[in-house]
Amino acid sequence: MDITFIVIVFVIGFVGSLISGMLGIGGAIINYPMLLYIPVMLGVGHFTAHEVSGITAIQVSFATFGGVIAYRKGGFLNKWLIIYMGISILTGSFIGGFGSTHMSENGVNIVYGVLALIAVIIMFVPKKGIDDMSFQQVKFNKWLASLLAFIVGIGAGIVGAGGAFLLVPIMLVILKIPTRMTIASSLAITLISSIGAVSGKITTGQLPLLPAFIMVVASLIASPIGVHIGKRANIKVLQSTMVVLILATALKTWMSIL
């Protein structure tokens with residue numbers, strides 16, 4: 001692995017983790033297609049879909065860890081939301097991460113494309129009034145939250161994601177959680193989810209060590225910076241940015257599949 005390849009992997013990890021901190025996602029929605037296509041396009045290297053999912057899994061865990069630390073003060077973290085959805089997504093992500101070894105590369109890409117497409121559709125559903133309530137007024141259906149988190153976890157574990165790119169739309173649109181609480185709590189839930197995904201990837205040998213280490217370093221630097229930016233950004237801007245990113249990566253993935 002030459003210096004150019006190392007720099008490119010670091011930049012990809014930095015960008016993904018910066019966006020992770022801003023939007024409350026693990027960064028997989030950005031890093032997965034970037035790792036899969038950019039090194040090849042620049043002619044500096046190549047990762048298989050299984051290797052990308054392994055690298056992305058470890059990056060997500062450290063990016064979300066950095067984000068949660070940055071959000072630990074301010075009342076943005078919803079304890080019960082994190083507990084119910086965290087346990088469910090952890091179980092699902094371990095199943096998905098372990099089971100992904102039996103899937104073809106194209107199968108992994110298709111799962112990613114389907115998840116991204118679902119996230120885009122949900123994000124276009126109107127979200128009226130959710131940011132007008134105080135954090136003390138927030139209530140949600142615990143069993144629905146657990147079921148949805150388990151399903152997301154299975155798909156997320158397959159592609160090495162924490163699942164936040166799908167969790168965030170679900171929390172905003174279906175569970176009616178305010179945007180800033182969604183961003184902060186989804187980082188904590190995704191951190192829990194990534195434990196299952198990483199465990200599955202390590203036990204099945206899908207984790208290239210040096211690229212993973214580079215991504216970890218980039219994540220720990222960039223994620224807190226993203227949180228700092230996200231706390232001060234307009235909520236509508238954050239939501240619009242998320243829709244654009246998810247839509248762009250979904251289109252790119254499906255173009256490569258088809």
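Helices, as the word is used in these legends, are DSSP runs of at least four residues, numbered from the N terminus. The model shown is a predicted one.

**View 1. A nonpolar patch on the surface, with residues of helix α9.** Helix α9 covers residues 209–232, and Ile 229 lies in this helix. Together with Leu 210, Phe 213, Val 217, Ile 221 and Ile 225, Ile 229 forms a nonpolar patch on the surface, and the accessible area of these residues together is about 500 Å². Ile 229 counts as partly exposed because its relative accessibility is 36%, and partly exposed is the class between under 20% and over 50%. Leu 209 also lies in helix α9, and with a relative accessible area of 66% this residue is exposed. Between the C-alpha atoms of Leu 209 and Ala 119 there are 30 Å in space, while the two residues are 90 apart in sequence.

**View 2. The crossing of helices α2 and α5.** Helix α2, made of residues 28–42, and helix α5, made of residues 105–123, have axes that come within 12 Å and cross at roughly 145°. The crossing of these two helices is left-handed. On the α2 side the meeting residues are Ala 28, Ile 29, Tyr 32, Pro 33 and Leu 36, whereas on the α5 side they are Val 108, Asn 109, Tyr 112 and Ala 116.

**View 3. The surroundings of His 50 in helix α3.** His 50 is found in helix α3, which spans residues 49–71, and is buried because its relative accessible area is 17%. Leaving aside residues up to four places away in sequence, His 50 touches Ser 100, Met 103, Ser 104, Glu 105, Val 108 and Gln 206. For one of these contacts, that with Ser 100, the C-alpha atoms are 8.1 Å apart in space although 50 residues separate the two in sequence. Val 108, another residue touched by His 50, is also among the α5 residues that meet α2.

**View 4. Ser 146 and Trp 143 in helix α6.** Helix α6 runs over residues 142–159 and contains Ser 146, and Trp 143 lies in helix α6 as well. Ser 146 is buried, with a relative accessible area of 11%, whereas Trp 143 is exposed, with a relative accessible area of 66%. When residues up to four places away in sequence are not counted, Ser 146 touches Tyr 84 and Ser 88. The C-alpha atom of Trp 143 is separated by 9.1 Å from that of Met 85, a residue 58 places away along the chain.

**View 5. Lys 176 in the loop between α7 and α8.** The loop that holds Lys 176 lies between α7, residues 164–174, and α8, residues 179–203. Lys 176 is not a glycine, yet its phi is positive, at about 60°. With a relative accessibility of 38%, Lys 176 counts as partly exposed.

**View 6. Gly 43 in the loop between α2 and α3.** Gly 43 belongs to the loop between α2 and α3, and this residue is exposed because its relative accessible area is 65%, with exposed meaning over 50%. Although Gly 43 and Phe 5 are 38 residues apart along the chain, their C-alpha atoms are separated by 9.4 Å.

Technical notes: Residues numbered from 1 in each chain as written. Predicted model: local features only at pLDDT ≥ 70, side-chain atom pairs only at ≥ 80, totals over all residues. Heavy atoms only, no water. Patch = residues over 30% accessible without salt bridge, like charges linked within 9 Å, V, L, I, M, F, W, Y side chains within 5 Å. Areas by Shrake-Rupley, 256 points an atom, 1.4 Å probe, with all protein chains shown as cover. Salt bridge = Lys/Arg side-chain N within 4 Å of Asp/Glu carboxyl O. Buried < 20%, exposed > 50% of the residue type's maximum accessible area, 1.4 Å probe, protein only. Axes fitted to C-alpha atoms, helices over the stretch in contact; angles between N-to-C directions. Left-handed = near helix turned anticlockwise from the far one by under 90°. Contact = heavy atoms within 4.5 Å.
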